[in-house]
Amino acid sequence: MMDTISAPSALGRSASLALVLYCYAMVVASMADIGIFVSFLPRVAHELAIASTQAGFALSLFSVPSALACVPIGRLVDRIGIRAGMVMAGLLVIVGDVCLGWASGWVSIYAGMCLTGAGFGCLTVTCPSALVSWLGGDIRTRALSFWSTYGPVGYACGLLLAVPFSVGALWRHAFLLHALIFTVLVCCAALLPLRKARVDVKAVSGGLSLLFHDMAVIRLAMALALPNAVAYGVSVIIPSYLGRIYGVELGMSNSGIAAAKIFAMLLGGVLTGYVLTRQIRFRALYRSLACFGLGSLFVLFFPNGTFALSLVALICWLLAFGGMAGAATAQLPTLVTKQEDIGVVSGLVGQLTSLICLTAPPVYLALTHWSAYWGLSCAALLIAALSVPYREANTA
């Protein structure tokens with residue numbers, strides 16, 4: 001049995017809070033590119049005279065770097081350090097935003113989405129590495145649970161960022177504003193500690209061998225990836241599905257969707273972090289949330305309800321997903337035995353999550369019946385619940 005990292009917090013309380021908020025701001029801001037691009041996708045395709053399928057393919061390219069290279073990125077971060085990894089990620093996003101803001105054809109769009117996706121992939125490795133390295137105890141558990149809500153929150157922030165530029169041909173300005181925001185965040189990286197955290201190692205095994213000697217890493221990755229894939233697929237199809245079933249157009253504007261997502265995800269992640277510090281069994285909590293999520297999705301997809309009830313069910317599903325993602329992410333420190341393995345383990349989890357999420361949109365879009373939506377979601381969440389590793393959290 002592998003022992004876990006015993007890492008006392010190397011930072012004070014205020015510094016720990018600042019680190020959590022900075023890591024969260026970085027990954028949320030990087031994910032916001034997706035919300036911006038989705039908001040302007042038809043306009044981009046029309047103005048640049050490219051097919052809508054080409055514009056849609058550009059959206060998929062965002063996930064390719066993190067799907068294929070998270071483990072190498074994790075090993076690189078272990079070598080160059082967390083602060084350098086943050087700066088590298090920010091520069092990639094800035095260059096990608098500039099490409100998107102000055103795009104003149106599909107080549108610029110593809111390059112921009114690949115670069116911003118590469119920056120996002122770096123941040124999905126460096127941010128949890130920073131939290132695991134520099135925090136300890138209950139603070140680390142709550143921080144990882146809170147950080148795990150970045151996906152829907154980042155997407156929602158992108159929708160909000162696009163609102164001021166929704167009139168006329170101002171969509172390019174949204175990407176340039178996003179680049180400016182990231183420039184400020186990269187400058188703030190200078191405040192991060194340059195040294196590595198002092199970590200007491202209690203086991204001699206490590207490196208890539210831990211991926212083969214301890215299946216808990218793979219199982220935790222599945223427990224995190226599958227709910228993320230369901231959430232991604234549901235987000236893609238639910239606006240058109242509700243419009244088709246209840247005869248409404250876009251019943252909620254970008255601002256309304258963003259508010260619902262941010263509220264549900266933050267509440268779910270924060271509450272889960274609090275519950276985990278009360279020594280609640282991780283597997284029991286995760287499986288209870290999975291059952292609650294399945295019930296919420298049934299109400300959401302059931303065609304004989306009401307539009308208002310579906311919106312309530314959507315918020316309930318996001319609360320369950322936020323809790324599941326937070327609970328799974330908070331277990332990451334229990335799977336790392338050596339300081340130099342933090343990046344590669346984070347990379348493995350991130351890469352598997354990205355690979356599975358990459359397949360979610362086309363699969364969900366290929367379905368048409370409500371029972372198929374719910375059945376696929378049910379199968380994915382049940383597999384995730386069965387994949388939860390046996391090791392319980394050690395937040396002491």
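The legends below describe four close-up views of a predicted model.

**View 1. Aromatic rings of Phe298, Phe302, Trp370 and Trp374 are linked into a cluster by ring pairs.** The structure as a whole holds 10 aromatic pairs. In the pair of Phe298 and Trp370, the ring centres are 5.6 Å apart and the planes stand at 75 degrees, so this pair is edge-to-face, a term used for planes over 60 degrees apart. Because Phe298 belongs to helix H12 (residues 282-301) and Trp370 to helix H15 (residues 370-387), the contact ties together parts that are 72 residues apart in sequence. Phe302 also forms an edge-to-face pair with Trp370, with 5.4 Å from centre to centre and 90 degrees between the planes. This second pair links distant parts of the chain as well, since Phe302 sits in the loop between H12 and helix H13 (307-329), whereas Trp370 is in helix H15, 68 residues apart. Phe302 is partly exposed, with a relative accessibility of 29%.

**View 2. A nonpolar patch on the surface is formed by Phe298, Val299, Leu309 and Val312.** Together these residues have about 300 Å² of accessible area, and helices H12 and H13 each supply at least two residues of the patch. Phe298, which also takes part in the aromatic pair with Trp370, is partly exposed at a relative accessible area of 34%. Val312, found in helix H13, has a relative accessibility of 48% and therefore counts as partly exposed, because the term exposed is kept for values over 50%.

**View 3. Helix H1 (residues 13-47) has a kink at Phe40.** The kink is about 60 degrees and lies shortly before the proline Pro42. Over the whole helix, 35 residues at 1.5 Å a residue should span 51 Å, because the expected span is 1.5 Å times one less than the number of residues. The C-alpha atoms at the two ends of H1 are 49 Å apart, which agrees with that expectation. After H1 comes Ala49, whose phi angle is positive, near 55 degrees.

**View 4. Glu47 and Arg172 form a salt bridge.** A search of the whole structure finds 1 salt bridge, and in the pair of Glu47 and Arg172 the closest N and O atoms are 3.4 Å apart. Glu47 lies in helix H1 and Arg172 in helix H8 (residues 171-188), so the pair ties together parts that are 125 residues apart in sequence. Glu47 itself is partly exposed, with a relative accessible area of 36%.

Notes
Residues are numbered from 1 along each chain as its sequence is written. This is a predicted model: local features need pLDDT of at least 70, side-chain atom pairs count only at pLDDT 80 or more; totals for chains, interfaces and linings use all residues. Side-chain values use heavy atoms; hydrogens and water are left out. Rings of Phe, Tyr and Trp (its six-membered ring) pair if their centres lie within 6.5 Å; planes under 30 degrees apart count as stacked, over 60 as edge-to-face and the rest as tilted. Helices (H or I, at least four residues) and strands (E, at least two) are DSSP runs, numbered from the N terminus. Buried means under 20% relative accessible area, exposed over 50%, partly exposed in between (1.4 Å probe, protein chains only). The bend at a residue is the angle between axes fitted to the seven residues ending there and the seven starting there. Patches are made of residues with over 30% relative accessible area and no salt bridge: like charges are joined within 9 Å, nonpolar side chains (Val, Leu, Ile, Met, Phe, Trp, Tyr) within 5 Å. Accessible areas come from the Shrake-Rupley method with a 1.4 Å probe; for residues, only the protein chains shown count as cover. A salt bridge is a side-chain nitrogen of Lys or Arg within 4 Å of a carboxyl oxygen of Asp or Glu.
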